[in-house]
Amino acid sequence: MRALLPVLLGAAMALAGCMPAAPPGTRVGADRPPLPGVDVRLSAVDAAGKGVPVQWQDETLTLREPPIASSADIADVRSVQDDYGLTALQIRYRPEAHQRIHDGTAAMVGQRMAISVDGRVLMVATVQGPFSESMNLSGLAGSDAKALERHITGSAPVER
């Protein structure tokens, strides 16, 4: 994962914002949740500096606690093709977390949030609109999305 960090951070610069994921019907196979011990978080970036300080690129950010969503809220992680034919990492949330995630992201439209894995910020994006069921992390190279999928789920990416 450490070797991937510079590549992932470089790819994150291309991210314009968080987008809702592909329709749930595009999934193939059984759910692939995060492995026990893998910490995936969706956190608000606090402009006032209240929260946990983290480094992202050349910037120190402060992430609010608790996160909007965590590994416990995730039902499935997999690499998918986005609307532009590029590889994205799709994170689909458990039904019991949908309303909380929707409310949290609705309150953040126009603000920044961070996606982190095991304490390392992968991407920071401006929330374009609320979401609840799933999201795509766009701007990753195909091999990076698949390596991240393998790290989070412990499984080889599903061939599509």
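This report describes the strands, an enclosed cavity and several individual residues of one protein model.

## Basis and confidence

The model is predicted, so local features are described only at a pLDDT of at least 70 and side-chain atom pairs only at pLDDT 80 or more, while totals for chains, interfaces and linings use all residues. Residues are numbered from 1 along each chain as its sequence is written, and side-chain values use heavy atoms, with hydrogens and water left out.

The predictor's confidence in each residue, pLDDT, runs from 0 to 100. The protein has an average pLDDT of 83, and 81% of the residues score at least 70. Confidence is lowest in helix α1 (residues 5-12), with a mean of 37, and highest in β5, at 98. Over residues 1-26 pLDDT stays under 50, and for this stretch the model has 58 contacts beyond four places in sequence, a contact being heavy atoms within 4.5 Å. Where pLDDT is low, the predicted coordinates should not be read in detail.

## Strands and their pairing

Helices (H or I, at least four residues) and strands (E, at least two) are DSSP runs numbered from the N terminus, and two strands pair if DSSP finds at least two bridges between them. Strands of a sheet pair through backbone hydrogen bonds, either parallel or antiparallel.

An open sheet of 4 strands has the order β5-β2-β8-β9, with antiparallel pairing. At its edges stand β5 (69-70) and β9 (120-126), each with a single partner strand, so one side of each is left without a neighbour in the sheet. Strand β2 (residues 40-44) and β5 run antiparallel and are joined by 2 bridges, and the bridge partner of Leu42 in β5 is Ala69.

Strand β7 (residues 87-93) has pairings with β6 and with β10, both in the antiparallel sense. With strand β6 (residues 74-81) the pairing extends over 7 bridges, and Ile74 stands opposite Tyr93 in β7. The hairpin of β6 and β7 has 5 residues between the strands, and in this hairpin Gly85 takes a positive phi near 80°. With strand β10 (residues 134-137) the pairing of β7 extends over 4 bridges, and Met135 in β10 is the bridge partner of Ile91. Of the 7 residues of β7, 6 are buried, so this strand is largely enclosed by the rest of the structure; buried means under 20% relative accessible area, exposed over 50%, and partly exposed in between, for a 1.4 Å probe and protein chains only.

## The cavity

On a 1 Å grid over the protein atoms alone, a cavity is a set of points where a 1.4 Å probe fits but cannot get out, and lining residues have an atom within 4 Å of a point. Grid points are joined across faces, edges and corners, and a volume is the space filled by probe spheres set on the points. By this rule there is 1 cavity of 30 Å³ or more, and the largest cavity has a volume of about 40 Å³.

The lining of the largest cavity consists of Val40, Arg41, Leu42, Ala69, Ser70, Ile74, Ile91, Tyr93 and Ile115. At least two of the lining residues come from each of β2, β5 and β7, and the largest share, 3 residues, comes from β2. The lining divides into 7 nonpolar, 1 polar and 1 charged residues, where Ala, Val, Leu, Ile, Met, Phe, Trp, Tyr, Cys and Pro count as nonpolar, Asp, Glu, Lys and Arg as charged, and the others, Gly among them, as polar.

## Individual residues

Ser43 has its place in strand β2 and is buried, with a relative accessible area of 3%. Leaving aside residues up to four places away in sequence, Ser43 touches Leu63, Arg64, Pro67, Ile68, Met113 and Ala114. Leu137, in strand β10, counts as buried at 2% relative accessibility. Among the residues that Leu137 touches are Ala88, Leu89 and Ile115; the C-alpha atoms of Leu137 and Ile115 are separated by 8.7 Å, although the two are 22 residues apart along the chain.

Most residues other than glycine have a negative phi, and most peptide bonds are trans. Two residues that are not glycine have a positive phi here, as the table shows.

| Residue | Phi | Loop | Relative accessibility |
|---|---|---|---|
| Gln57 | about 55° | between β3 (52-56) and β4 | 30%, partly exposed |
| Asp118 | about 50° | between β8 (112-117) and β9 | 31%, partly exposed |

The peptide bond from Glu65 to Pro66 is cis, with omega near -5°, and Pro66 is found in the loop between β4 (59-63) and β5.

Terms used: On a 1 Å grid over the protein atoms alone, a cavity is a set of points where a 1.4 Å probe fits but cannot get out, and a pocket is an open set with protein on both sides within 12 Å along at least five of seven lines; lining residues have an atom within 4 Å of a point.
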